[in-house]
Amino acid sequence: MQIKKTLQKIYVLIIVVMAVATVIGKYTGLDYVSDNIFGAWWFSLLWAVGTALGIVYFVKQRVRRPIIVLLHLSFVVILAGALLTHLTAKRGTIHLRQGKATTTYTNLEGGNGELPFTLLLNKFSVSYHAGNMAAMDYASNVTVSKGESKSQHNISMNNIYTGYGVRLYQSSYDDDMKGSYLSVNSDPYGIPVTYTGYALLFFSLVAMLTEPKGNFRRLLRTNAVKGTVSLLLLLVGTAAKAQTALPKAAADEFGKVLIVYNGRICPMETYAIDFTKKLYGKASYENFTPCQVLTGFLFWRQEWMREPILQIKGSELRTKLRLNEYIAPISLFAQQGYILGPYLQDAQGEQDTEETLRN
C-alpha cells in the first residue's frame, strides 16, 4: 500500500511539473524548457523512480488487467524514448551560402557534426505582407544529395524537411539574402520509441473509458453523475444557443486588425462598417457594433442568416416579391433556389441587348 501511495504522488508530481513547464515554455521558449526541465537529470530521475516503483508494485500485486498493464507499459516506453533521445539525439545549426554545398553542421558545443547527406542552397527567398515590408515567411530551396540520389526541397517556417533521420528547420538568413541558417535535429531512435509510447498511452486511456466493467463506466451509471452530466449538457446547449456575437471588447480588438481593403491598408473596423451599411443601410444593427455584425456572420453564420438585417431598398421589388423592407438573408433562398435569380438574369439580358444595339 505504501508503494502505491508513493507511486501516485510521483505521478501527480510529474503531471504538475509538465503543466508548469508548459506555462514557462510559453514565455521562455521550448529550448529553455527542453534544456532545463524536460532534459534535466532530476526530471529523468523522477520518471525512472516512478517506472521502477510501478514495476515493483505490479510484481508484488500480480496485476493482470491488460488495460492497466498497457497503461503503465506506455510510461516505460516513453521513458525509454526520452533516454534514447538524451543519449543519441544531435542538434545544431547549418549556415548555407547560395551555390555552396556542405556536409557538416555546428553542434551545440561549437564543434562540427557530420550530415548523412550533402546539402546545397539553390536559392533563398522572402515573402512579405501585402502593403509593407514585414517578412511573412522565408524559405530555402535546397538540394539534398546522397550517392546518386538527388532531390530538391523547400524549407520554410511552416515546412520542415525530414529525411535520413534528420529534421531541418528554417531559422534565419543573411542580410544579403544569399545565405540561410537551418536548425538541425537528428533523433532517429528516440522519436519513434517515444511516439510508440504515447500511442500506447492513448489506446490504454481510451480502453479504460470504454471498458464495460471499468470504474469509469460504472461511475457514469450512477444517478448523481447522470444528473450532473444532463445539467452540464443543458447549460452548454443554452449558452451556445444564446451567444450569437462576440463580446464588444473582443470584437473591438478584432476591428483593430490591419487589412488591405480597396487598395489601402486600414483597420478591419472600416471594412466592418461598410459591410454593415451595405446590408442594413446603417453603420450598426440594433445593439451590435459593426465588428460584432461582421464576426457574427463569420462565426455564427446560420443564426445571422435568420436576422432581419438585409434592407430591400427598391419598393417595386418589395411589392413584386411581397417582402418587407428588412428581411433575413435566408428568406431569399427557397426550395427552387435563389429567388432573385430570374430577375438578375432578366436585368443582365436587358443590359446585353442595350450594348448590342449601341454597337
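This passage describes the pairing of three strands and the largest pocket in a predicted model. Residues are numbered from 1 along each chain as its sequence is written, and side-chain values use heavy atoms, with hydrogens and water left out. In this predicted model, local features need pLDDT of at least 70 and side-chain atom pairs count only at pLDDT 80 or more, while totals for chains, interfaces and linings use all residues.

Strand 8 (residues 179–186) pairs with strand 1 (residues 90–97) in the antiparallel sense over eight bridges, strands being DSSP runs of E of at least two residues and helices runs of H or I of at least four, numbered from the N terminus, and pairing requiring at least two DSSP bridges between two strands. Within strand 8, Tyr181 is the bridge partner of His95. Strand 8 is also joined to strand 7 (residues 166–173), antiparallel, by seven bridges, and Asn185 of strand 8 stands opposite Arg167. Five residues lie between the strands in the hairpin of strand 7 and strand 8, where Met177 takes a positive phi near 65°.

The largest pocket (an open set of points on a 1 Å grid over the protein atoms alone, where a 1.4 Å probe fits, with protein on both sides within 12 Å along at least five of seven lines) is lined by 43 residues, each with an atom within 4 Å of a point. Ser34, Phe38, Gly39, Thr85 and Arg91 lie nearest its centre, and helix 4 (residues 66–88) gives the most to the lining, with seven residues. Because domain 1 (1–88 + 193–221) and domain 2 (90–186), with bounds from an automatic or database domain assignment, both give residues to this lining, the largest pocket lies between them.
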